[in-house]
Amino acid sequence: MMYRIIVGETGNERGHIVTTMAATERGARIVLGRQLALYEGEGWGRVEIDLYSDGRWQPVEPRR
């Protein structure tokens with residue numbers, strides 16, 4: 001499994017991909033938090049996973 005982060009500025013529906021070496025969902029969420037901090041409250045983001053290493057990325061649902 002591989003993870004990547006998508007982040008963007010609020011109001012911009014197209015974000016950019018941040019590659020990560022995170023091996024766990026928790027690690028990917030830490031990277032997401034660091035990336036969102038750069039936007040100083042004016043950003044959005046999500047974690048995506050490639051379950052089968054075939055390039056079919058899917059969003060990871062937030063945990064409740």
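**Exercise 1. Find out how many residues lie between S1 and S2 in their hairpin, and which turn residue has a positive phi.**

Solution. Start with the hairpin that S1 and S2 form: six residues lie between the two strands. Now look at the turn, where Gly11 has a positive phi of about 95°. Keep in mind as you work that this is a predicted model. Next, check the pairing itself: S1 (residues 2–9) and S2 (residues 16–19) run antiparallel and are joined by four bridges. To fix the register, take Ile5, whose bridge partner in S2 is Val18.

**Exercise 2. Work out how S1 pairs with S3, and whether S1 is mostly covered or uncovered.**

Solution. First, follow S3 (residues 43–50) alongside S1: the pairing is antiparallel and takes in eight bridges. One place to anchor your view is Tyr3, which stands opposite Ile49 in S3. Then turn to burial: six of the eight residues of S1 are buried, so the strand is mostly covered.

**Exercise 3. Decide whether Glu48 is buried or exposed, and list its side-chain polar contacts.**

Solution. Begin by locating Glu48 in strand S3. Its relative accessibility is 5%, and because the cut-off for buried is under 20%, Glu48 counts as buried. Now inspect its side chain: one polar contact of 2.8 Å joins Glu48 to the side chain of Arg4, and another of 2.8 Å joins Glu48 to the side chain of Arg46. Finally, leave aside neighbours within four places in sequence; the contacts of Glu48 then include Met2, Ile6, Trp57 and Pro59.

**Exercise 4. Classify Tyr39 by its accessibility and say which residues it contacts beyond its sequence neighbours.**

Solution. Tyr39 sits in the loop between helix H1 (25–37) and S3. With 21% relative accessibility, Tyr39 counts as partly exposed, because that class lies between 20% and 50%. Setting aside neighbours within four places in sequence, you will find Tyr39 in contact with Val7, Gly8, Glu9 and His16. As a last check, compare positions along the chain and in space: Tyr39 and Thr10 are 29 residues apart in sequence, and their C-alpha atoms are separated by 8.9 Å.

**Exercise 5. Identify which elements each supply at least two residues of the largest nonpolar core.**

Solution. Collect the members first: the largest nonpolar core has eleven residues, among them Tyr3, Ile5, Val7, Ala28, Val31, Leu32, Val47 and Ile49. S1, H1 and S3 each supply at least two residues of this core. For a closer look, pick Val31: apart from neighbours within four places in sequence, Val31 is in contact with Ile5 and Thr20.

Conventions
Residues are numbered from 1 along each chain as its sequence is written. This is a predicted model: local features need pLDDT of at least 70, side-chain atom pairs count only at pLDDT 80 or more; totals for chains, interfaces and linings use all residues. Side-chain values use heavy atoms; hydrogens and water are left out. Buried means under 20% relative accessible area, exposed over 50%, partly exposed in between (1.4 Å probe, protein chains only). Two strands pair if DSSP finds at least two bridges between them. Contact means heavy atoms within 4.5 Å. A polar contact is a pair of N or O atoms within 3.5 Å; within protein, one must be able to donate a hydrogen and the other to accept it, and residues adjacent in sequence count only if both atoms are side-chain atoms. A nonpolar core is a set of buried Ala, Val, Leu, Ile, Met, Phe, Trp, Tyr and Cys residues joined through side-chain atoms within 4.5 Å.
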